[in-house]
Each structure stands twice: as structure tokens, then as C-alpha cells.
Amino acid sequence: MTEKNQTYITRLQGVKAQLQADMTKGSEELADLKLNPYGITSIDFAKRQELSTDVLKMEGTLMGLDLAIETYEEEHGNVS
């Protein structure tokens, strides 16, 4: 794997970690609120769902990159 590829993967892992941290923080904030008409809103849930979707997309992207690199290395030899 080239340095450039590793740099991209490292960046994506950092973005994914940040999104997971934001999602955890959001979950903790929601846990502190009471379920009543003036507490948690659908906007709060939508924000958490959006973060969850983004994390899943990042995980899929990272798995795709890993698979592409593995396939390339199997077909062309380990070119590091």
C-alpha cells in the first residue's frame, strides 16, 4: 500500500472517529433530557440518525478501500 493510500485511510479513520464521538455526545445529551413535549424534539433524533448514517458510510468506505487494496496486492504483488 502506498503512503498516499495510507494517508487517505488515516484521514477517513479520523473523520469516522470524530463522527462517532459526536454521536456518543449527542446520545448522552439526549439521555439527560426528559421525554416530554418540551424536551427531546424530532430534530434531536434526526441529528443523531444523520450522524449514525454518516458513521456507517465511513465504515463502508473504509471496508471498500481495504478490499480494493487487498485485491490489487493479490493481483499485482505487495507493492509497498
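Reader: How many helices and how many strands make up the secondary structure of the chain?

Author: The model shown here is a predicted one, and its helices can be placed by residue number. Helix H1 takes in residues 3-32, and helix H2 takes in residues 42-76. For the chain, the secondary structure comes to two helices and zero strands.

Reader: What share of the contacts in the chain, counted between residues at least 6 apart in sequence, joins residues at least 24 apart?

Author: One pair of residues that are far from each other in sequence is Ile 9 and Thr 61, which are 52 residues apart along the chain and 9.3 Å apart in space, C-alpha to C-alpha. Another pair is Glu 50 and Leu 19, with their positions 31 residues apart in sequence and 10.0 Å between their C-alpha atoms. For contacts between residues at least 6 apart in sequence, the share that joins residues at least 24 apart is 77%.

Reader: Is Ile 9 buried or exposed?

Author: Ile 9 has its place in helix H1, and its relative accessibility is 5%. A residue is called buried when its relative accessible area is under 20%. Because its value is 5%, Ile 9 counts as buried.

Reader: Which residue forms a salt bridge with Lys 16?

Author: Side chains of opposite charge can pair when their charged atoms come close. The structure holds one salt bridge, and it links distant parts of the chain, with one partner in helix H1 and the other in helix H2, 43 residues apart. The closest N and O atoms of the pair are 4.0 Å apart, and the partner of Lys 16 is Glu 59.

Reader: How does the chain divide its surface, and what percentage of the accessible surface belongs to carbon and sulfur atoms?

Author: Buried residues make up 18% of the 80 residues in the chain. The accessible surface of the chain comes to about 6,300 Å², and the part of it that belongs to carbon and sulfur atoms is 56%.

Reader: Which residues form the negative surface patch?

Author: One member of the patch is Glu 75, which has its place in helix H2 and is exposed, with a relative accessible area of 62%. Glu 50 also lies in helix H2 and is exposed, with a relative accessible area of 53%, whereas Glu 59, at 27% relative accessibility, counts as partly exposed. The negative surface patch is formed by Asp 66, Glu 70, Glu 74 and Glu 75.

Terms used. Residues are numbered from 1 along each chain as its sequence is written. This is a predicted model: local features need pLDDT of at least 70, side-chain atom pairs count only at pLDDT 80 or more; totals for chains, interfaces and linings use all residues. Side-chain values use heavy atoms; hydrogens and water are left out. Patches are made of residues with over 30% relative accessible area and no salt bridge: like charges are joined within 9 Å, nonpolar side chains (Val, Leu, Ile, Met, Phe, Trp, Tyr) within 5 Å. Accessible areas come from the Shrake-Rupley method with a 1.4 Å probe; for residues, only the protein chains shown count as cover. A salt bridge is a side-chain nitrogen of Lys or Arg within 4 Å of a carboxyl oxygen of Asp or Glu. Lys and Arg count as positive and Asp and Glu as negative; His and the chain ends are not counted. The place of a charge is taken as NZ of Lys, CZ of Arg, CG of Asp or CD of Glu. Helices (H or I, at least four residues) and strands (E, at least two) are DSSP runs, numbered from the N terminus. Buried means under 20% relative accessible area, exposed over 50%, partly exposed in between (1.4 Å probe, protein chains only). Contact means heavy atoms within 4.5 Å.
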